[in-house]
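Please open the model in your viewer and keep the selection panel at hand. The stops below are meant to be followed in order.

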Amino acid sequence: MSFHILNGDSLAQTFAQSNIPGHRIICRECLIDGPAQAADLDNFWAIRANFIAQGYGEARETYYAKVVKELDQIQRLPEEAEINLWFEDDLFCQSNLWFMLALLVNASPQLKIYRVFPMEPAQDHWNGFGRADAASLEQAYAQRVQFHQTDLELGLALWEAFRSKDLTQLQTLSRQPSACFNRLPEVVQAHVDRFAPNGQLGRPERLIAEILKDNPEDFSAVFAAFGQRAGVYGFGDVQVKVMYERVLEMEELI
């Protein structure tokens with residue numbers, strides 16, 4: 001039996017229009033933002049629920065209903081299942097993908113796991129599945145790539161380094177070749193660049209500050225420009241809005 005783990009509801013809506021067989025599981029996390037280190041899975045969910053409630057204003061009960069209940073299906077997958085991971089190459093998707101691999105391997109090391117890549121767009125690589133239709137999803141599925149043991153080990157190591165904030169190890173791992181990961185050095189470097197020394201602004205905030213010079217206090221313009229210049233992050237409007245407001249506050253203090 002085939003299962004498809006989809007990164008978000010937008011992709012799930014398009015997927016439902018395709019003729020691809022199998023059961024859908026939707027990943028609604030945003031592990032690019034907030035804490036990811038925990039003693040066990042129950043503690044992990046509790047930490048994430050608290051962060052989402054405080055940072056995004058979503059009730060803990062909603063997080064458990066929309067995120068945890070959905071991903072709990074991974075713990076009950078049949079051992080003979082084929083798992084297809086539909087994730088893009090940007091940092092947002094990659095951090096979620098690494099976590100999915102950890103959940104899957106912990107649930108059953110015997111699962112057959114595949115990566116489904118977006119069909120390469122003509123201009124914007126980071127757009128991923130954003131403009132895909134049902135036909136292009138079917139084409140992408142036909143070209144899926146299987147995770148072998150070395151690929152799984154790399155994915156698990158990436159997750160461990162990411163959640164423990166070991167940036168040096170992340171950079172080392174990003175140089176390992178794998179058919180299941182694209183542009184890892186670029187993606188990992190973008191993550192490293194988020195953490196500037198001596199209280200300075202990280203790369204995303206610096207970029208927002210630059211954009212604000214031409215588009216003062218116009219968030220829609222800032223968000224569009226940020227996506228064009230830094231698609232590698234894959235940030236949604238919620239994440240960019242938090243940074244945007246932080247930069248505005250800092251400029252007011254100067």
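This is a predicted model, and the tour begins at helix H8, whose buried residues pack against helix H4 (91-107), helix H6 (149-163), helix H7 (167-174) and H9. To see which residues are involved, select helix H8 (residues 184-192) and highlight its buried members, namely Leu184, Val187, Val188, Ala190, His191 and Val192.

Next, keep H9 on display and add its partner: helix H9 (residues 203-214) packs with helix H10 (residues 219-229) at an angle of about 125 degrees, the two axes lying 10 Å apart. Because of that angle, H9 is oblique to H10, and the crossing of H9 and H10 is right-handed. For the contact itself, select Pro204, Leu207, Ile208, Glu210, Ile211 and Leu212 on the H9 side, together with Val222, Ala225, Phe226 and Arg229 on the H10 side. If you colour the residues of this contact between H9 and H10 by character, you will find eight nonpolar, no polar and two charged.

The last stop is a single residue, glutamate 29, which sits in the loop between strand E2 (23-27) and helix H2 (41-56). Is glutamate 29 buried or exposed? Its relative accessibility is 3%, so glutamate 29 counts as buried, the cut-off for that class being under 20%. Now show side chains, and look for the polar contact, at 2.8 Å, that joins the side chain of glutamate 29 to the side chain of arginine 48. To complete the surroundings, select Arg48, Tyr63, Val67, Phe92 and Asn96, with which glutamate 29 is in contact when its neighbours within four places in sequence are left aside.

Methods. Residues are numbered from 1 along each chain as its sequence is written. This is a predicted model: local features need pLDDT of at least 70, side-chain atom pairs count only at pLDDT 80 or more; totals for chains, interfaces and linings use all residues. Side-chain values use heavy atoms; hydrogens and water are left out. Helices (H or I, at least four residues) and strands (E, at least two) are DSSP runs, numbered from the N terminus. Buried means under 20% relative accessible area, exposed over 50%, partly exposed in between (1.4 Å probe, protein chains only). A polar contact is a pair of N or O atoms within 3.5 Å; within protein, one must be able to donate a hydrogen and the other to accept it, and residues adjacent in sequence count only if both atoms are side-chain atoms. Contact means heavy atoms within 4.5 Å. Axes are lines fitted to C-alpha atoms, for helices over the stretch in contact, and angles run from 0 to 180 degrees between N-to-C directions. Angles under 35 degrees count as roughly parallel, over 145 as roughly antiparallel, 65 to 115 as roughly perpendicular and the rest as oblique. A crossing is left-handed if the near helix is turned anticlockwise from the far one by less than a right angle, and right-handed if clockwise. Ala, Val, Leu, Ile, Met, Phe, Trp, Tyr, Cys and Pro count as nonpolar, Asp, Glu, Lys and Arg as charged, and the others, Gly among them, as polar.
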